[in-house]
Structures are given as C-alpha cells and as structure tokens.
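Hi there,

Here is the model I promised to pass on. Please have a look at it first, and then read my notes below.

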Amino acid sequence: MNTASVTIKMQVSKSFTVKMPVSPHRLGQSCAFPDLRLFSGMSSIQVRPATLRDAKAIAQIQVASAQDAYKDFWPDAALNGLSVAQRQAYWREAINMCEPQVLVAHLDNEVMGFVGFDRSRDKGTPSTTGEIWAMYAAPAHWDKGVGQALVEAAQEGLQEEGCTRVTLWTYKNNTRAIRFFEIAGFRPEADSVKAVDVEGKPLEQMRLHRSLI
C-alpha cells in the first residue's frame with residue numbers, strides 16, 4: 001500500500017506528520033487529503049482519514065443515525081431494512097477506492113461520525129463543484145461539534161482539490177439537517193427539488209450549496 005504524508009495542524013499552532021494509506025486505484029488522480037485540524041472545545045474532536053478498519057463503525061453510525069433522523073418520515077420497512085453489513089461493504093469499497101474520500105471524527109479512538117466527499121455527482125456541474133455525499137454523526141454525539149468538525153474538514157479537502165463551491169442533498173423533511181447546514185453557511189438552491197421513492201413512499205430532496213471562496 002502506498003502512503004502519503006498529511007500534516008495535522010492543531011489550533012495551538014503545533015503540527016506533526018503522519019503517514020496514511022493511499023489507494024492505488026486513485027494514484028495520479030485527485031486523492032489528496034486536507035491538512036486536518038484538531039477541533040477543540042470542551043473536548044478535542046480529532047478528524048482523520050478513514051481506514052478499512054473504520055468501515056464497520058461507519059456503517060453502524062450511518063444506520064443508527066438514519067433510523068433516528070428519518071423515523072418521522074421514512075416508512076418502517078425502510079428503517080428496519082437498513083443493514084450494517086451492506087453499509088459496511090459499501091464503505092469498505094469507498095475507502096479502498098478513495099471514492100468518495102472519507103474522513104472520521106473521533107475522540108479517544110472512538111469514531112463519533114464520518115463524512116464522504118468528492119466532486120459533484122450531479123450532471124451538468126463544473127469540475128470545480130464538490131459535493132458532500134454523506135455525513136452522519138452517532139446520535140449519542142449530536143450537538144457536540146462533530147458535524148462542524150466534519151463539514152469544515154470536508155470543505156478544506158474540496159478546496160485542496162480546486163473546488164470553489166460545494167453542494168449536498170438532504171430530505172426536505174429533515175429540518176434538523178437543514179438547520180445545521182444553514183448555520184454552516186449553506187443555502188437552498190432554487191428549483192433543485194427532486195422526487196425520490198423510499199419503499200413506495202414519495203419524498204422530496206433539496207440541494208443546498210455554499211461558496212468555498
């Protein structure tokens with residue numbers, strides 16, 4: 001496995017360098033990670049590149065968070081059908097292929113949340129538009145700064161790749177997520193609503209965006 005050096009910059013102006021794996025599938029492509037900061041509040045939430053060992057924790061967080069966040073508007077069949085094993089397989093492949101790029105937030109080696117980001121998947125968008133593909137924090141760690149640390153790290157990563165704008169999709173029903181991202185500087189895009197089917201129930205998603213410059 002190839003490695004690349006990443007300098008972790010701390011808010012107290014100290015830095016150190018670690019070696020991290022880079023998937024051979026994206027060598028020569030855009031697989032650079034940002035200078036990852038350690039976000040400090042009452043506790044020190046660290047953000048680092050995900051490894052294959054994190055795939056199970058990432059999957060468990062995604063399932064638990066989705067079941068909590070979507071319980072008021074997803075059908076029970078969809079909530080009960082979420083599979084940690086399937087999500088783990090997906091994230092193992094994503095981490096291995098570096099598509100999307102995946103970061104985890106952790107404290108004392110406990111993974112608290114994760115974010116996947118890369119170029120926008122939406123048709124017709126320029127190459128300078130990035131996208132947050134997925135971002136989840138464990139419900140036990142909501143409102144503790146995990147989301148802020150992850151979204152800022154993802155934005156730094158996209159800036160490193162030359163992106164000047166970032167977008168994401170979220171359910172119109174997910175008022176908690178919309179409120180969080182609006183506080184983080186995102187705004188809804190006009191005429192960006194799309195219909196999705198969740199186990200036979202029609203729902204709508206909306207796209208949010210913000211500038212990175």
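**Salt bridges**

Counting by a cut-off of 4 Å between a side-chain nitrogen of Lys or Arg and a carboxyl oxygen of Asp or Glu, I get nine salt bridges. One of them pairs Glu131 with Arg121, at 2.7 Å from N to O. Glu131 sits in strand β7 (residues 129–137) and Arg121 in the loop between β6 (110–119) and β7, so this pair ties together parts that are ten residues apart in sequence. As for their surroundings, Glu131 is buried at a relative accessible area of 1%, whereas Arg121 is partly exposed at 46%.

Another salt bridge joins Arg176 and Asp143, whose closest N and O atoms are 2.9 Å apart. This one links distant parts of the chain: Arg176 belongs to helix α5 (residues 175–183) and Asp143 to the loop between β7 and α4 (146–160), 33 residues apart. Arg176 is partly exposed, with a relative accessible area of 33%, and Asp143 is exposed at 71%.

Lys172 and Glu204 also meet through their side chains in a salt bridge, at 3.3 Å from N to O. Here too the pair links distant parts of the chain, 32 residues apart: Lys172 is in the loop between β8 (165–171) and α5, and Glu204 is in strand β11 (residues 201–211). Lys172 counts as partly exposed at 39%, and Glu204 as partly exposed at 37%. Besides these pairs, Asp122, Arg165, Glu189 and Arg207 are joined into one network by salt bridges that share partners.

**How far to trust it**

Please keep in mind that this is a predicted model. The mean pLDDT of the chain is 84, and 80% of its residues reach 70 or more. Residues 1–42 have a pLDDT below 50, although this stretch has 97 contacts in the model beyond near neighbours in sequence. Where pLDDT is low, the predicted coordinates should not be read in detail.

**The chain as a whole**

There are five helices and eleven strands in the chain. Of its 213 residues, 45% are buried. Taking contacts between residues at least 6 apart in sequence, 61% join residues at least 24 apart.

**Helix α1 and what covers it**

How does the span of α1 work out? The helix has 15 residues (55–69), which at 1.5 Å a residue should span 21 Å, and its end C-alpha atoms are indeed 21 Å apart. Its buried residues are Ala55, Ile58, Ala59, Ile61, Gln62, Val63, Ser65 and Ala66. The elements that cover them include α2 (76–80), α3 (84–97), β5 (101–107), β6 and β7.

**The largest pocket**

The largest pocket holds about 1200 Å³ of space. It is lined by 42 residues, and those closest to its centre are Tyr70, Ala134, Met135, Tyr136 and Asn174. At least two lining residues come from each of α1, α3, β7, α4, β8 and α5. Strand β7 gives the largest share of this lining, with seven residues.

**A buried threonine**

Thr170 is placed in strand β8. Is Thr170 buried or exposed? At a relative accessible area of 7%, Thr170 is buried, because that value falls under the 20% cut-off. Leaving aside residues up to four places away in sequence, Thr170 touches Ala177, Ile178, Glu204, Gln205, Met206 and Leu208. Glu204 in that list is also the salt-bridge partner of Lys172.

**Backbone points to check**

Three places in the backbone are for you to look at. The peptide bond from Glu99 to Pro100 is cis, with omega near 0°, and Pro100 lies in the loop between α3 and β5. Asn109 is not a glycine, yet its phi is positive at about 70°. This asparagine, Asn109, is in the loop between β5 and β6 and is exposed, with a relative accessible area of 69%. Asp143, another residue other than glycine, also has a positive phi, near 65°. Asp143 is the residue already described as the salt-bridge partner of Arg176, in the loop between β7 and α4.

Do write back with any questions once you have looked through it.

Best wishes

How values were computed: Residues numbered from 1 in each chain as written. Heavy atoms only, no water. Helix = DSSP H or I, 4+ residues; strand = E, 2+ residues; numbered from the N terminus. Buried < 20%, exposed > 50% of the residue type's maximum accessible area, 1.4 Å probe, protein only. Expected span 1.5 Å × (residues − 1). Contact = heavy atoms within 4.5 Å. pLDDT = per-residue confidence, 0-100. 1 Å grid on protein atoms, 1.4 Å probe; cavity = no way out; pocket = protein on both sides within 12 Å on 5 of 7 lines; lining within 4 Å. Points joined across faces, edges and corners; volume = space filled by probe spheres on them.
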